Amino acid sequence: MKTTIGIFFGGRSTEHEISVISANQAMAAINHDKYNVVPVYITKQGKWYTGQALTDVKNYRDSKSLLSSCEEVYMRPVFGDYNLYTVKKKMFKSDVVATLDVAIPVLHGSNGEDGIFEGVLETIGLPYAGCNTLASANGMDKITMKMILAANDIPVVDYVWFTDKQWFGMRDELINKIEQRLGYPVIVKPANLGSSVGIGRAENRQQLLERVDDAQRYSARIIVEDMVENLQEINCSVLGDCDEYETSVLEEPIKSGEILSYTDKYMGGTKDNRGMHAAQKRIPADLPADETARIQHLAGETFRVLSCHGVSRVDMMIDAKSRNIYVNEINTIPGSLSFYLWEAAGIKFSELMERLVRLALKRKRDQGSKTVSYDANIFALGGGVKGVKGTKGIK
């Protein structure tokens, strides 16, 4: 029997459309002779739909027509229940639309790449590809990610972080801290978004105010980073788990301005063929052998210390003047799943998808060897609750 793969994509995220593109690429790459593919599209309002029309990216030009040809579904939060259920059950018919064997989340950004959706899958117990809840959350949040990397001697640029409420309550103090510690120019970012959304450069105090006001529209946590002025951006993908992984060839994205923008990343190529793979880039990046090896090592270490799983892309920065190398961020569900970097390394997209399935099932087997609960019932042990706060008076 074929293994049934649920591809989850879309979502309540500023990167919704990019997720649709990446998922359609992934679904087309899967070996359909070996696997059944069930698309599960999550709308911007959070509703779930399935249907074959979701596998053609051109259909998303008219979302109303698209959804009218699909079936609204849901999953029950019951451990071991891997069924997709229809919202509109027909009389005398089963409400099970499909039974999944494994899930591959292709949800970019918030409410998907940050551990929230992974937590849903872990509650159900459905094997899934990619980072778990903890690794996803740490990888998504630029502040906690940098804290963890710095604690493990992985180089990151200096930074100052704060919440939106702190910004409104102690703005002058934070501005002074930024100016004294970092100076200008700086880069201002929402802490938990990707795809360059809400990111901007500040050359002076007025621009800092404007950039922070923009960033806080997207996130409650803001990070201001020292800017590498002689910037060369390099990306490296990592595949496997934190105990056994391999690194890809390197790419150098070609940016149109001072920073790599949303347009640079995703609006290249044709109308129906967009995504990170269509962006302007050099593959492999033209770097000395020692720098290539150093970047691949740091990418692997980033993947390892964050306890990542599946396929990720680590974005690096080189100061072209000093040649210092810094880890910028990790994308735990990278755009286009970084398939183009693995194809350059000799791994076809179909093989990449197969590896993700195998990794998901292996992790599920490994988890099965761990103790998660005890059979003992303390309520049946007689006096087991004696002295427990709140039990007085219970009959």
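In the predicted model, L337 touches A26, V106, V311, W342, F349, L352, M353 and L356, when residues up to four places away in sequence are not counted. L337 is also one of the residues that touch the most other members of the largest nonpolar core, a set of 37 residues. The others named in this respect are I5, I7, F9, I104, F349 and M353. Two of them, F349 and M353, thus appear both among the contacts of L337 and among these well-connected core members.

Several elements give two or more residues to this core: strand 1 (3-10), helix 1, strand 2 (35-42), strand 7 (102-106), helix 11 (339-344) and helix 12. Helix 12 gives the most, with seven residues. Another core lies apart from this one. This other core has 25 residues, including L149, L250, A285 and V305.

Two of the contributing elements, helix 1 and helix 12, also pack against each other. Two packed helices are described by the angle between their axes and the distance between the axes. For helix 1 (residues 16-29) and helix 12 (residues 349-367), the angle is about 95° and the axes are 8 Å apart. Angles of 65 to 115 degrees count as roughly perpendicular, and helix 1 and helix 12 are therefore roughly perpendicular to each other. On the side of helix 1, the contact is made by Q25, A26 and A29, and on the side of helix 12 by F349, S350 and M353. By class, four of these residues are nonpolar and two are polar, while no charged residue takes part.

Helix 12 also holds E351. With a relative accessible area of 28%, E351 is partly exposed, because this class covers values between 20% and 50%. The side chain of E351 is joined to that of R358 by a polar contact of 3.4 Å. E351 and S19 are 332 residues apart along the chain, and their C-alpha atoms are separated by 20 Å.

A further residue, S219, is located in a loop, between helix 8 (205-215) and strand 11 (221-226). The relative accessibility of S219 is 7%. Since buried means under 20% relative accessible area, S219 counts as buried. The side chain of S219 reaches the backbone oxygen of R221 at a distance of 2.9 Å. Leaving aside residues up to four places away in sequence, S219 touches P190, A191 and N192.

How values were computed: Residues are numbered from 1 along each chain as its sequence is written. This is a predicted model: local features need pLDDT of at least 70, side-chain atom pairs count only at pLDDT 80 or more; totals for chains, interfaces and linings use all residues. Side-chain values use heavy atoms; hydrogens and water are left out. Axes are lines fitted to C-alpha atoms, for helices over the stretch in contact, and angles run from 0 to 180 degrees between N-to-C directions. Helices (H or I, at least four residues) and strands (E, at least two) are DSSP runs, numbered from the N terminus. Angles under 35 degrees count as roughly parallel, over 145 as roughly antiparallel, 65 to 115 as roughly perpendicular and the rest as oblique. Contact means heavy atoms within 4.5 Å. Ala, Val, Leu, Ile, Met, Phe, Trp, Tyr, Cys and Pro count as nonpolar, Asp, Glu, Lys and Arg as charged, and the others, Gly among them, as polar. Buried means under 20% relative accessible area, exposed over 50%, partly exposed in between (1.4 Å probe, protein chains only). A polar contact is a pair of N or O atoms within 3.5 Å; within protein, one must be able to donate a hydrogen and the other to accept it, and residues adjacent in sequence count only if both atoms are side-chain atoms. A nonpolar core is a set of buried Ala, Val, Leu, Ile, Met, Phe, Trp, Tyr and Cys residues joined through side-chain atoms within 4.5 Å.
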